[in-house]
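Below is a short note for a colleague who has the coordinates open. The points can be checked one at a time.

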Amino acid sequence: MLELKDVTKKFGPITAVDNLSFEINEGEIVGLIGPNGSGKTTALKMIAGLYRPTSGKITIKNHDVAKDAEETRALLGYIPDEPAVYSKLTGDEFLNFVGETFGIPADKRQSAIAELHKQFPMEEQTGGYFEDYSRGTRQKFMIMAALLHKSPLLLIDEPIVGLDPSSAHTATRLFSEYAKEDKRAILVSTHSLAVAQELCDRFIVLSKGKMVAQGSLSELRKDAQTDGSLEQIYLKLAE
């Protein structure tokens, strides 16, 4: 589904991502973990086509992200670390805009939006504009939009920031179901290690732009020589 090969990203003298290589297969949920400044968000933005690698190659379903931008973006769903939406749209206007952009017919779009609203009931009034919504409500709409068009690959940067515990639980469940359906794949970057441990099949650990470990929880426990939680493994490997 996704392959990064020898990918480096420099911002002037700063190397944000350093010779990063990994693959993600169909049906997998992979957690990208590491401290602040380890290159997680930069890696996601390169995969999404928002940053161009300084060197190396990224492919999604054998399409080169740098050369086949239109094809690869059609294969992606992306939930950024900060909800980025048009401030003068309502939530449902935004969902319809995203659905129409991805070519979802109006009847199927409305049905899918109604079903997503059942998953994320909102106490807050959402008939007004995005600029008036709380952080959590904006995040819910970003998640709904990403799930709406059912892209083969979903990129998620800090998925549950701002969500109440019930909504965070719902989001985790929906992401798990999403990956299993039609063998989609998810790459999720998060500092919420308990959520990552519950959600992900395996993990990629970054530190200072480099990959320091990767594997399932049991494989990382061997690397870290501990039988502890993902948090304990993280403290040994990433810091």
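How exposed is Lys210, and what is its relative accessible area? Lys210 is partly exposed, at a relative accessible area of 42%. This and everything below refers to a predicted model.

1. Lys210 and Asp18. The side chain of Lys210 forms a salt bridge with that of Asp18, at 2.9 Å from N to O. The two partners come from distant parts of the chain, 192 residues apart: Lys210 belongs to strand 10 (residues 210–215) and Asp18 to strand 2 (residues 14–24). Asp18 is partly exposed as well, with a relative accessible area of 24%. Nine salt bridges are counted in the model.

2. Glu131 and Lys88. Another salt bridge joins Glu131 to Lys88, whose closest N and O atoms are 2.6 Å apart. This pair also links distant parts of the chain, with the two positions 43 residues apart in numbering. Glu131 is in the loop between helix 4 and helix 5, while Lys88 is in the loop between strand 6 (76–79) and helix 3. Glu131 is partly exposed at 41% relative accessible area, whereas Lys88 counts as exposed because its value, 52%, is over 50%.

3. The network around Arg184. Glu181 and Arg184 meet through their side chains in a salt bridge of 3.4 Å, N to O. A network of salt bridges links these two with Lys150 and Asp182. Is Arg184 buried or exposed? Arg184 is buried, with 5% relative accessibility, while Glu181 is partly exposed at 35%.

4. Glu158, a charged residue without a partner. Side chains of opposite charge can pair when their charged atoms come close. Glu158 is buried but has no salt bridge. The nearest side chain of opposite charge is Lys40, 5.9 Å away, so the pair fails the 4 Å cut-off for a salt bridge. Glu158 sits in the loop between strand 7 (153–157) and helix 6 (165–180).

5. What Glu158 does touch. Its side chain makes a polar contact of 3.2 Å with the side chain of Thr190. A polar atom of the Glu158 side chain also lies 2.8 Å from the backbone nitrogen of His191. Setting aside neighbours within four places in sequence, the contacts of Glu158 are Gln139, Ser189, Thr190, His191 and Ser192.

6. Helix 4. This helix covers residues 106–119, 14 residues in total. The distance from its first C-alpha to its last is 20 Å, close to the 20 Å expected at 1.5 Å a residue. Which residues of helix 4 are buried? They are Arg109, Ile113 and Leu116. These lie on the same side of helix 4, because they cover an arc of only 65 degrees around the axis. Asp107, Lys108 and Lys118 are exposed on the other side. Helix 3 (91–101) and helix 5 (135–148) are among the elements that cover the buried residues of helix 4.

7. Ser38. Ser38 is located in the loop between strand 3 (29–33) and helix 1 (40–47). Ser38 counts as buried, with a relative accessibility of 1%. Beyond its neighbours within four places in sequence, Ser38 is in contact with Ala16, Leu206, Ser207, Lys208 and Gly209.

Key
Residues are numbered from 1 along each chain as its sequence is written. This is a predicted model: local features need pLDDT of at least 70, side-chain atom pairs count only at pLDDT 80 or more; totals for chains, interfaces and linings use all residues. Side-chain values use heavy atoms; hydrogens and water are left out. Helices (H or I, at least four residues) and strands (E, at least two) are DSSP runs, numbered from the N terminus. Buried means under 20% relative accessible area, exposed over 50%, partly exposed in between (1.4 Å probe, protein chains only). Lys and Arg count as positive and Asp and Glu as negative; His and the chain ends are not counted. A polar contact is a pair of N or O atoms within 3.5 Å; within protein, one must be able to donate a hydrogen and the other to accept it, and residues adjacent in sequence count only if both atoms are side-chain atoms. Contact means heavy atoms within 4.5 Å. The expected span of a helix is 1.5 Å times one less than its number of residues. The arc is that of the directions from the helix axis to the C-beta atoms.
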